[in-house]
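Got the viewer open and the selection box ready? Here is a walk through the model, one selection at a time.

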Amino acid sequence: MNYLKKTALWLLDASLPNRCYLCHVPMQDGGGLCALCLSDAQLGQVCLHCHKPLAHAPPHRCGSCLKRQRWRPTISGLNYHHPAGRFVGLGKQRRQPSLYTAALAPLITKLNQLQQQGLLITPDALVAVPIHRTRLRQLGFNHAHIIAKQLGDALGIEVIENLVGKHHCTANQQQLDAKARRRNLKQAFSVTQTGKGQNLALIDDVITTGSTLSELSGELTRNGFRVSQSWTLASALYRTPNQSN
Ligand SMILES: [Zn+2]
Ligand SMILES: [Zn+2]
């Protein structure tokens with residue numbers, strides 16, 4: 001995005017503080033996304049492992065994931081390939097962590113539904129995906145930690161802080177394919193304490209290929225924890241054929 005376009009968007013947001021960021025409809029309770037944009041961007045019925053759309057649920061997993069012996073559900077609220085789903089990325093781009101609050105509702109609704117259906121166990125605690133201190137200095141906050149705190153408050157679940165660190169600054173994952181991402185993340189995380197089998201949910205803003213969550217889960221498991229699931233505000237895992245952008 002060029003500088004002029006960025007400035008124009010910023011001026012528009014600043015002049016319309018009580019409007020939906022996407023369709024600019026007036027909103028009662030400050031900025032964010034209106035209910036219509038949020039419902040339009042919801043992920044819908046997808047496989048709980050790979051996020052491929054399902055025609056019907058149950059069984060909640062696609063044919064190939066049903067054959068897997070080991071799998072871990074990742075629950076996401078919004079489709080990142082929808083313009084409203086990309087709103088989740090603005091928190092980092094604009095250094096505005098308050099934007100995450102507007103995108104929490106679809107994830108919380110989905111978690112409640114799956115728990116009521118007996119498809120998800122409630123985790124003992126939440127753990128945010130860590131970022132390297134260099135990135136933390138640039139950004140001023142760890143977006144995953146802010147999301148984890150908000151989810152923990154909303155659902156009454158403890159958030160374990162400082163359990164994991166990222167001890168080398170990995171190259172920007174967005175330009176890498178799945179194989180290169182896994183190589184890039186090898187031994188990127190360190191766990192500061194030994195667990196006693198606590199059941200954890202990992203928290204991040206977006207799942208892109210799943211390699212970060214998978215690497216972090218492996219490191220926590222090796223240190224005595226059990227990672228039963230991951231939760232992200234949005235998912236970019238699967239793009240349907242008509243989502244060309
Ligand atoms: Zn809207
Ligand atoms: Zn699947």
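## Stop one: the core

This is a predicted model, so keep that in mind while you click around. Begin with the largest nonpolar core, a set of 60 residues in which Leu-151, Leu-220 and Trp-231 have the most contacts. Now colour strand S6, residues 199-207: with six residues, S6 gives the most to this core. As background, nonpolar side chains in soluble globular proteins tend to be buried together.

Zoom in on Leu-220. Which residues is Leu-220 in contact with, once neighbours within four places in sequence are set aside? Show Leu-163, Val-164, Val-191, Leu-200, Leu-202, Phe-225 and Val-227 as sticks, and you have them.

## Stop two: the sheet

Switch to cartoon and pick out the five strands of the open sheet, which run in the order S1-S7-S6-S2-S3 with parallel pairing. Strand S1 (74-79) and strand S3 (158-159) are at the edges; each has a single partner strand, so one side of each has no neighbour in the sheet.

Next, select S6 together with strand S7, residues 226-235. These two pair in the parallel sense over eight bridges. For one facing position, label Ile-207, which stands opposite Ser-235 in S7.

Now add the helices. Helix H9, residues 211-222, packs on the sheet and touches S6 and S7, with its direction at about 160° to that of S6. Helix H5, residues 104-116, lies across S1 and S7 and runs at about 140° to S1.

Helix H4 (residues 83-93) is worth a selection of its own. Its buried residues are Ala-84, Gly-85, Phe-87, Val-88, Gly-89, Leu-90 and Gly-91. What do the buried residues of H4 pack against? Turn on H2, S1, S6 and S7, and you have the set. Step just past the end of H4 to Arg-95, where phi is positive, at about 55°.

## Stop three: a proline in a loop

Select Pro-130, in the loop between strand S2 (125-128) and helix H6 (133-139). Is Pro-130 buried or exposed? Its relative accessibility is 7%, so Pro-130 counts as buried. Leaving out residues up to four places away in sequence, Pro-130 touches Asn-142, Val-164, Gly-165, Lys-166, Phe-189 and Leu-216. Try a distance label between the C-alpha atoms of Pro-130 and Gly-165: they are 5.7 Å apart, although 35 residues separate the two along the chain.

## Stop four: the zinc sites

Go to the zinc ion (ligand 1). Its protein donors are the SG atoms of Cys-20, Cys-23, Cys-34 and Cys-37, at 2.3 Å. The four donor atoms make angles of 106 to 115°, and the site is tetrahedral. Along the chain the spacing reads C-x2-C-x10-C-x2-C. Add a surface and check Cys-34 and Cys-37: both are buried.

Then jump to the zinc ion (ligand 2), where the SG atoms of Cys-47, Cys-50, Cys-62 and Cys-65 are the protein donors, lying 2.3 Å away. Why is this arrangement tetrahedral? The angles subtended by its four donor atoms are 103 to 117°, which makes it so. Here the spacing is C-x2-C-x11-C-x2-C.

Finish with Cys-50 and Cys-62. Both lie in the loop between helix H2 (35-40) and helix H3 (63-66), so the pair ties together parts that are twelve residues apart in sequence. Cys-50 is partly exposed, with a relative accessible area of 23%, whereas Cys-62 is buried at 5%.

Key: Residues numbered from 1 in each chain as written. Chains lettered and ligands numbered in written order. Predicted model: local features only at pLDDT ≥ 70, side-chain atom pairs only at ≥ 80, totals over all residues. Heavy atoms only, no water. Donors = N, O, S within 2.8 Å, 3.2 Å for Na, K, Ca; no water. Tetrahedral: all angles 85-135°; square planar, octahedral: opposite > 155°, others 65-115°. Buried < 20%, exposed > 50% of the residue type's maximum accessible area, 1.4 Å probe, protein only. Helix = DSSP H or I, 4+ residues; strand = E, 2+ residues; numbered from the N terminus. Contact = heavy atoms within 4.5 Å. Core = buried A, V, L, I, M, F, W, Y, C linked by side-chain atoms within 4.5 Å. Pairing = 2+ DSSP bridges. Axes fitted to C-alpha atoms, helices over the stretch in contact; angles between N-to-C directions.
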